[in-house]
Amino acid sequence: MDIFRTKSVEQSILDTEAPEHRLRKRLTAVDLTVFGIGVIVGTGIFVLTGRVAKETAGPAVALSFVVAAVVCGLAALCYAEFASSIPVAGSAYTFSLATLGEFPAWVIGWDLMLEMALAGAVVAVGWSGYFASLMSSLGLELPAWMAGESPVVNLPAMVIVLILTGVLTAGIKLSSRVNLVIVTIKVAVILLVIVAGLFFINAANYSPFIPPPVSTPGVEGLKAPLIQVLFGITPVAFGVIGIFSAAAVVFFAFIGFDIVATAAEETIKPQRDLPRGIIGSLAICTVLYVAVSLVVVGMQRYDKLSEKAPLADAFTAVGQSWAATLISIGAIAGLTTVVMILMLGQSRVLFAMCRDGLLPRALAKVHPRFGTPARLTIIIGLVTTVLSGFISLGALAELVNIGTLFAFVVVSAGVIVLRRTQPDLPRAFRTPMVPLLPILSVLACLYLMLNLPVETWLRFVVWLIIGAVLYFAYGYRHSRVQVPGPKG
């Protein structure tokens, strides 16, 4: 069984020209950068900031964002080389298929399915929280069964996912225009938070900046970070260990630059514009994240922060309800784009896998009018709708993180492999300091993975086992990689 057969870069590019599987090239560097900002700036600022500051890092959550940004920056440089060399839909899946082989590529594709489906659901749940907060500020209390702390069915989250599924099905350029408008609103609100919040900072809230480590029920048993269990460290929150544990969680906030790579096939000048979109969006968002986290923990003591809507509630706590309402509107707009682009990324990964025959190839057909993989988009929308309606936020965020970090490890290693196997491949962007920088990226990602809870690792392993069974039952036998003629 040749489960490590690879697909040549030339064949990957040739497959993009098949009429029934051809995506339309409509995107520019600006579109890609805005896509990146649209998906990166969301849950990390509007939802997760309060939870990790309160439970894990304290005011030092800003340092956690810096740690996560450095790890993402290393991986982003590796993604930029791949995306400019292999401008094909599928992101890490496509890159792995060209370097490591079919089964590793399947594992990454299966992993990305988990990452993006769950991420979309997580953000939709966060969107629902801010929507309920806004309605409450307007005097319209939503019933607890649909939008409370533990709703029976999270109806607002389900509705927004269905609406965005329709937008994505209607075309990539429409999605880009909708994204541009909403991202403009979102960034304006974030800048307002930074500027207005400066006037309400209480320096005493920064002390202690790194709270002393304490043992808490939240990090005991299966909830303890794996690295603490492996090395016999007493499970603790806060302290220096808490900064890195929090970085492994807020890492979720930076997921997005890798999704820019999934739009490679729809980019007009991918060799030039993809690296700009990937690196530019990550740099802009890092500055925004650090600034906002410093402001919010300065406005309200970290152990008093809200976990549901920390920014809005921090302004309410200092008597500025007008700002809270405006922030809720910005958060709703911002999280809307995150859900949309996560679903866009997932549809393109599955599109590439279906086109290669690892999943039913009929699903990869492009709609003749809209130029999108409409069937896949609708399926993804329905699955995300169900997940967002019935799954809790915390468990999903950590499971998404381990999936993303795993993909980053494979892409970083793949840069080294492709440099050796195809040294003459045209590269519009070259990752600097190879192999040192990719190795550092691998080690940094692995370290953050070890800081995730044991139960997250167990869930991840179960998901990979299910994926392996599906590959050998269907994907391997229907694969078109190095198989002559149409099949599947």
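**Loop geometry and nonpolar core of the predicted model**

Pro208 is placed in the loop between helix H9 (172–197) and helix H10 (226–230), helices (H or I, at least four residues) being DSSP runs numbered from the N terminus. The structure is a predicted model, in which local features need pLDDT of at least 70 and side-chain atom pairs count only at pLDDT 80 or more, whereas totals for chains, interfaces and linings use all residues. Residues are numbered from 1 along each chain as its sequence is written, and side-chain values use heavy atoms, with hydrogens and water left out.

The peptide bond leading from Ser207 to Pro208 is cis, with omega near -5°. A cis bond also joins Val434 and Pro435, with omega about 10°, and Pro435 lies in the loop between helix H17 (393–421) and helix H18 (436–450).

Positive phi values occur at two residues that are not glycine, namely Ser91, near 55°, and Phe238, about 65°. Ser91 belongs to the loop between helix H4 (61–85) and helix H5 (92–99), and Phe238 to the loop between H10 and helix H11 (239–250). Ser91 counts as buried (under 20% relative accessible area, 1.4 Å probe, protein chains only) because its relative accessibility is 1%; Phe238, at 9%, likewise counts as buried.

The largest nonpolar core (buried Ala, Val, Leu, Ile, Met, Phe, Trp, Tyr and Cys residues joined through side-chain atoms within 4.5 Å) contains 159 residues, of which Tyr79, Tyr93, Trp106, Tyr130, Phe254 and Phe257 touch the most other members. Helix H6 (residues 102–137) gives the most to this core, with 21 residues. Beyond its neighbours within four places in sequence, Phe257 has contacts (heavy atoms within 4.5 Å) that include Ile40, Tyr79, Leu282 and Phe408.

Definitions and conventions: Buried means under 20% relative accessible area, exposed over 50%, partly exposed in between (1.4 Å probe, protein chains only). Helices (H or I, at least four residues) and strands (E, at least two) are DSSP runs, numbered from the N terminus.
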